[in-house]
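Biologist: Could you pull up the model, so that we can go through a few spots together?
Modeller: Here it comes, and you can pick where we begin.

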Amino acid sequence: MAKILSENYCFPENLFGMQEAIQQAINRGEIQQISDRKTLASVLTNRVQGALNDPRLTVSYEPNTVPVMPQMLPSLPTEQLIRLVRNSVKLDILDNNVGYLRMDRIFGEETAAKLGSLLRDDIWDKVANTSSLILDLRYSTAGDMSGVSFIISYFSDPEPLIHVETVYDRQSNITKELWTMPSIKGERYGKKKDLIVLTSKRTMGAAEAVAYALKNLKRAITVGERSAGGSVKVEKIRIPQSAFYITVPVARSVSPITGHSWEVSGVPPTINANAKEAVAKAKSLLAVRGAIPNVVQSIADIIERFYAFTDRVPALLEHLKTTDFSTVVSEEDLVVTLNQDLQTLSEDPRLIIKYMPDNADAVEEGDPALDDVPEDYESLEALVDSTIKVKILTNNTGYLRVDKFFKLSDGTKLETIVAKKVWGAPQRY
């Protein structure tokens, strides 16, 4: 088992002292005392996982297992490969020209080269004509990492190229970098149109790499459940001259975007939702995002027409024009983003945007006291007494406190009362 790990485990730097630890366990006689083979497999699993802190490492006892080598997809007959592609990829056009693309398998570089025309005509060129897209990876449990670059490329610009993933293969000792491509078959979807990626607990492997890259490039909003936390490549290797097998991750990946990986921990969604409700949540989110351009334009028009500090208006309008709202997922989220940006840029905390739900009554804000001035003399006197205070302090220092201002017309009763109580001869203290 130590020899298999040393030759195949994708984190060889973590194996320091592993062989010695195993030999010590053998010398202590703990393992030899276990007579049940399945119990032994369980004990070995716990020991290895504990030593290397990797839950993917498992030891099993399988006396009747006949290892089957999976057939490489590119070697399949073309007709069979075409059927597999059509059974694994479904495209629908929903209301409002929203595309829905379900991919249950990520096809690799060789398959894409072999069926490039089919993929272009049946999928990517049709997707390109949609106004926004839901990419459903909830059921994607298989795939080839070489296909990750192809998919990310469709949702990116030709330049600059983007370093998407770095994959290290222990068995070949080769490190491969995955980059977007300058040219692809079919029309690119580009970076501007909304993209929602759906994930579930079943989403695994290459599909996780796609979701992780699109999310952290801020190219897509992920909706659904945290993905499975699979691996780039795992192999079940027989321990020689026994019916014991050890499952070993033989390759590993790291994202140059984050410096971390989706392996083991999975891809957390931007918006948590039950997998069954993810499509409905995505449609609702796209409706919100579809309204953003009009909302921002209306705010820009209001600022241009009414904002008193005209010297700050050009900078505010330019900021609204160039701000990236790709991560906004709700009306409240948009309000927070706009208020933070506009108040900071204008240095004016009074520049406030509020969201009023459709079922809320709109309220015009203002100071009702400006207009609601009573007519009778006694009420006017009480109003002045409660809002304006006048004192003469020591050394003939005047003290005037005004808690509220009113609209005052010449010749009114209020003017007479203010003249008497404020500008007359107040009491001395």
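Biologist: Is Ser172 buried, partly exposed or exposed?
Modeller: This is a predicted model, and in it Ser172 has a relative accessible area of 38%, so Ser172 is classed as partly exposed, a label for values between 20% and 50%.

Biologist: And where is Ser172 found?
Modeller: Ser172 sits in the loop between β7 and β8, the latter covering residues 174–179.

Biologist: What separates the C-alpha atoms of Ser172 and Trp262?
Modeller: They are 22 Å from each other in space, while along the chain the two residues are 90 residues apart.

Biologist: Switching topic, which residues does UniProt list for the tail specific protease domain?
Modeller: The unreviewed UniProt entry lists residues 77–274 under "domain: Tail specific protease". In the model that span is 25% helix and 31% strand, and the C-alpha atoms at its two ends lie 38 Å apart.

Biologist: How do the axes of α7 and α8 cross?
Modeller: Helix α7 (residues 146–154) and helix α8 (residues 206–216) have axes that come within 9 Å and cross at roughly 35°, and the crossing is right-handed.

Biologist: Which residues meet there?
Modeller: From α7 the contact uses Val148, Ile151 and Ile152, and these meet Ala206, Ala209, Val210, Ala213 and Leu214 of α8. By class, the residues of the contact of α7 with α8 are 8 nonpolar, with no polar and no charged ones.

Biologist: Now the aromatics: how many pairs does the count come to?
Modeller: The count comes to 6 aromatic pairs. One of them joins Trp124 and Phe155 in an edge-to-face arrangement, with 6.2 Å centre to centre and 75° between the planes. That pair links distant parts of the chain, since Trp124 belongs to helix α6 (residues 116–127) and Phe155 to the loop between α7 and β7 (163–169), with their positions 31 residues apart.

Biologist: Why do Trp124 and Phe155 count as buried?
Modeller: The cut-off for buried is under 20% relative accessible area, and Trp124 counts as buried because its value is 7%, as does Phe155 because its value is 1%.

Biologist: Which residues form the aromatic cluster?
Modeller: Trp124, Tyr154, Phe155 and Tyr189 form one aromatic cluster.

Biologist: And what about Tyr307 and Phe309 as an aromatic pair?
Modeller: Tyr307 and Phe309 form a tilted pair, 5.7 Å centre to centre with 50° between the planes. Tyr307 is buried at a relative accessible area of 13%, whereas Phe309, at 31%, is partly exposed.

How values were computed:
Residues are numbered from 1 along each chain as its sequence is written. This is a predicted model: local features need pLDDT of at least 70, side-chain atom pairs count only at pLDDT 80 or more; totals for chains, interfaces and linings use all residues. Side-chain values use heavy atoms; hydrogens and water are left out. UniProt positions are given in the numbering used here, feature names are shortened, and annotations may be inferred rather than shown by experiment. Helices (H or I, at least four residues) and strands (E, at least two) are DSSP runs, numbered from the N terminus. Axes are lines fitted to C-alpha atoms, for helices over the stretch in contact, and angles run from 0 to 180 degrees between N-to-C directions. A crossing is left-handed if the near helix is turned anticlockwise from the far one by less than a right angle, and right-handed if clockwise. Contact means heavy atoms within 4.5 Å. Ala, Val, Leu, Ile, Met, Phe, Trp, Tyr, Cys and Pro count as nonpolar, Asp, Glu, Lys and Arg as charged, and the others, Gly among them, as polar. Rings of Phe, Tyr and Trp (its six-membered ring) pair if their centres lie within 6.5 Å; planes under 30 degrees apart count as stacked, over 60 as edge-to-face and the rest as tilted. Buried means under 20% relative accessible area, exposed over 50%, partly exposed in between (1.4 Å probe, protein chains only).
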